Amino acid sequence: METTSVSTVKTKRKDKSEDAHEERQKEEPRPDPSGEPQRKLLRLGETLDKPLAVPEVQLNAAYQQKELTQWLQTTWSKGDKTVKEEKTGAQVFGEPFQMCLLPGMLKDGTSKDLVAEIIDKVTWSRKQMDLYEFYQSTDLSNMPRCRLLTNFLQLLRKQVRPWLEKVTNLKLDYVSASCSMYTCGDYLLVHDDLLKDRQIAFIYYLSPWEGAEEWSETQGGSLEIFSSDDQCFPQFPVHRKIAPKDNQFAFFKVGSRSFHQVGEVTTFDYPRLTINGWFHGETNEAFVPDSMRAFPRLSYLQPDSSNKPSLGLLLNNVYLKTATRRSIQKRIEENSEICLYEFFKREKFELARAQLLSDAESLVWRRQGPANAHNYEVMDLSTARGTIQELLQLFRSNAMFDLLRDFTDLDLSGADAVRPKCSVELQRWSHGNYTVLGDGLVSEENTLDLVYYLNAAEGAAVITYLSPDGELPHEKEKTASEEEEDDSVLLTISPVDNALNIVYRCEGTTKFTKYVSRNTPLEKGPVFVISCSYKE
């Protein structure tokens, strides 16, 4: 277990530039051809045919027919079926929320011309936070050098917006749009897009390269749609996947159930390129109830007085010495955290790890949701046996509360202890797992966290703590070639086998566990984490 006060994980929370229509950035500089991902785009651009004449952005004539507009309007208003129009291939989905796909939206060849201009003139900023990692351009309204992208924006404003008003029967006042690019390993986790005035979200796909006009599931990058429960929490598994398809326009109604994500891009060959954004109107009727929806929280239990483990049989003897305990207490008092290497006796650790990897039949696991907050597995503690049971029982025992009192000087036991309690989870982490920042992970009071890894792997189940500064750490603009540090990051915990991290976090401190990319090597199997929280 390694702990560092300066994080190598770039952690952000709120992308305010995409929320505010009034915010305008300065005219973008010319792209740096030496930076990534610009180099790859330039190479891909060489495979595209150059336009013979000055191109124009025009709608496919089929989508300007009155009959098709009426069909879409009627089908959308019913809002409960999946229907496909045969001539254009347009599809309308009623469940789990209203959505429409329009293949071949623009005149043939337009997507290729747009991509050529994007390659030549667009500058990218890297966006990284708990929820996503990808590249994004500035708003299309700030791209005077990009004639085709400016024309595309005008098309959205003057033709698509009034047309969507007819189809959806919504009042749409203005549109915001930007370009997004997902390279291998990039993703956008589950969210609903619901902000005060967003009414319709849209995505226009750009993939004009020969053989890559429509992506396969193995390439990733799909728009993944989630169903939700009675409390409007998104549920696993994914309800529908929509793969990137060149010149396809997708739009959906933003609401309290419009949960979706962009699956991790797994191909190195092509980037997932889109123009995406929102049509805005009056305050979304779902906004107020959605803002009151709280994430589930941990449940806490009192120490188990019936369980009396022998610390001498389980723990490394060095941590039972009085001098060591004093040294640990001093370190925690100064830094609020410490890592205790080789915490359990090596033979106990090896037995526990072997049992977790081999005992698939008797140990019961369930996926921890909801999908917009968590995605990992937790073990049913009642199914624990053998060494695993010994370790789990230890963390809830009076002996552990006593030990933690000595380590931290917190009133977790003894005469001054009022009602100490703890929460214990055994987690299993694999590719695609994550937690994101949210109310359920904000500490409402001072808390002592314990994190212990088994079968650790670099880059899997990395935990980041963020400061309680009254505001979520804001997004900083960063070009693809720049590096920066985020002052809001207090601590990053990276996995190391048989090392116990102890972290004292004050009220308001929050944390998240970074998304486990498919590029993360897990040849030894999943990573297991015993995660505990203690309160006085």
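**Exercise 1. Find out what surrounds Thr 168 in this predicted model, and decide whether Thr 168 is buried or exposed.**

Solution.
- Start with the neighbours. Leaving aside residues up to four places away in sequence, Thr 168 touches Trp 76, Ile 200 and Phe 251.
- Next, place the residue: Thr 168 belongs to helix H4.
- Now look at the accessibility. The relative accessibility of Thr 168 is 9%, so this residue counts as buried, the cut-off being under 20%.
- Finally, check the side chain. One of its polar atoms sits 2.7 Å from the backbone oxygen of Leu 164.

**Exercise 2. Describe how helices H2 and H4 pack: what is the angle, and which residues meet?**

Solution.
- What do we need to look for? Two packed helices are described by the angle between their axes and the distance between the axes.
- Helix H2 covers residues 66-78, and its axis is 7 Å from that of H4, at an angle of about 45°.
- H2 and H4 are therefore oblique to each other.
- On the H2 side, the residues in contact are Thr 69, Leu 72, Gln 73 and Trp 76; on the H4 side, they are Trp 163, Lys 166, Val 167 and Thr 168.
- Sorted by type, the residues of this contact come out as four nonpolar, three polar and one charged.
- Notice that Trp 76 and Thr 168 turned up in Exercise 1 too, where they touch each other.

**Exercise 3. Do the same for H3 and H4: how do the axes cross, and what kinds of residues make the contact?**

Solution.
- H3 spans residues 110-121 and H4 spans residues 147-168; their axes come within 8 Å and cross at roughly 125°.
- That makes H3 and H4 oblique to each other, because the angle falls outside the range of 65 to 115 degrees and is not over 145.
- H3 brings Asp 113, Leu 114, Glu 117 and Ile 118 to the contact, and H4 answers with Arg 147, Leu 148, Leu 149 and Phe 152.
- Here the residues split into five nonpolar, no polar and three charged.

**Exercise 4. Stay in H3 and work out what the side chain of Ser 111 is doing.**

Solution.
- Ser 111 is part of helix H3.
- With 5% relative accessibility, Ser 111 counts as buried.
- Apart from residues up to four places away in sequence, Ser 111 touches Tyr 204, Leu 206, Pro 208 and Asp 246.
- Among these, Asp 246 gets a polar contact: the two side chains meet at 2.9 Å.

**Exercise 5. Locate the cis peptide bonds before Pro 96 and Pro 370, then see what Pro 370 touches.**

Solution.
- A bit of background: most residues other than glycine have a negative phi, and most peptide bonds are trans.
- The bond between Glu 95 and Pro 96 is cis, with omega about 0°. Pro 96 sits in the loop that links strand S3 (91-93) to strand S4 (99-102).
- The bond between Gly 369 and Pro 370 is cis as well, again with omega about 0°. Pro 370 sits in the loop between strand S16 (365-368) and strand S17 (374-379).
- Now for a contact of Pro 370. Pro 234 touches it, along with other residues including Val 190, Phe 226, Phe 259 and Asn 372.
- Pro 234 lies in strand S11 (residues 234-242) and is buried at 1% relative accessibility.
- Pro 234 and His 260 are 26 residues apart along the chain, and their C-alpha atoms are separated by 8.7 Å.

**Exercise 6. Where do Asn 455, Ala 461 and Asp 409 sit, and what is the sign of phi in each?**

Solution.
- Asn 455 is not a glycine, yet its phi is positive, about 60°. Its place is the loop between strand S20 (447-454) and strand S21 (463-466).
- Ala 461 is in the loop between S20 and S21, and its phi is positive too, near 65°.
- Both are buried: Asn 455 has a relative accessible area of 3%, and Ala 461 has 1%.
- Asp 409 follows helix H10, and its phi is positive, near 65°.
- H10 itself covers residues 398-408, and its buried residues include Met 400, Leu 404 and Phe 407.

Methods: Residues are numbered from 1 along each chain as its sequence is written. This is a predicted model: local features need pLDDT of at least 70, side-chain atom pairs count only at pLDDT 80 or more; totals for chains, interfaces and linings use all residues. Side-chain values use heavy atoms; hydrogens and water are left out. Axes are lines fitted to C-alpha atoms, for helices over the stretch in contact, and angles run from 0 to 180 degrees between N-to-C directions. Helices (H or I, at least four residues) and strands (E, at least two) are DSSP runs, numbered from the N terminus. Angles under 35 degrees count as roughly parallel, over 145 as roughly antiparallel, 65 to 115 as roughly perpendicular and the rest as oblique. Contact means heavy atoms within 4.5 Å. Ala, Val, Leu, Ile, Met, Phe, Trp, Tyr, Cys and Pro count as nonpolar, Asp, Glu, Lys and Arg as charged, and the others, Gly among them, as polar. Buried means under 20% relative accessible area, exposed over 50%, partly exposed in between (1.4 Å probe, protein chains only). A polar contact is a pair of N or O atoms within 3.5 Å; within protein, one must be able to donate a hydrogen and the other to accept it, and residues adjacent in sequence count only if both atoms are side-chain atoms.
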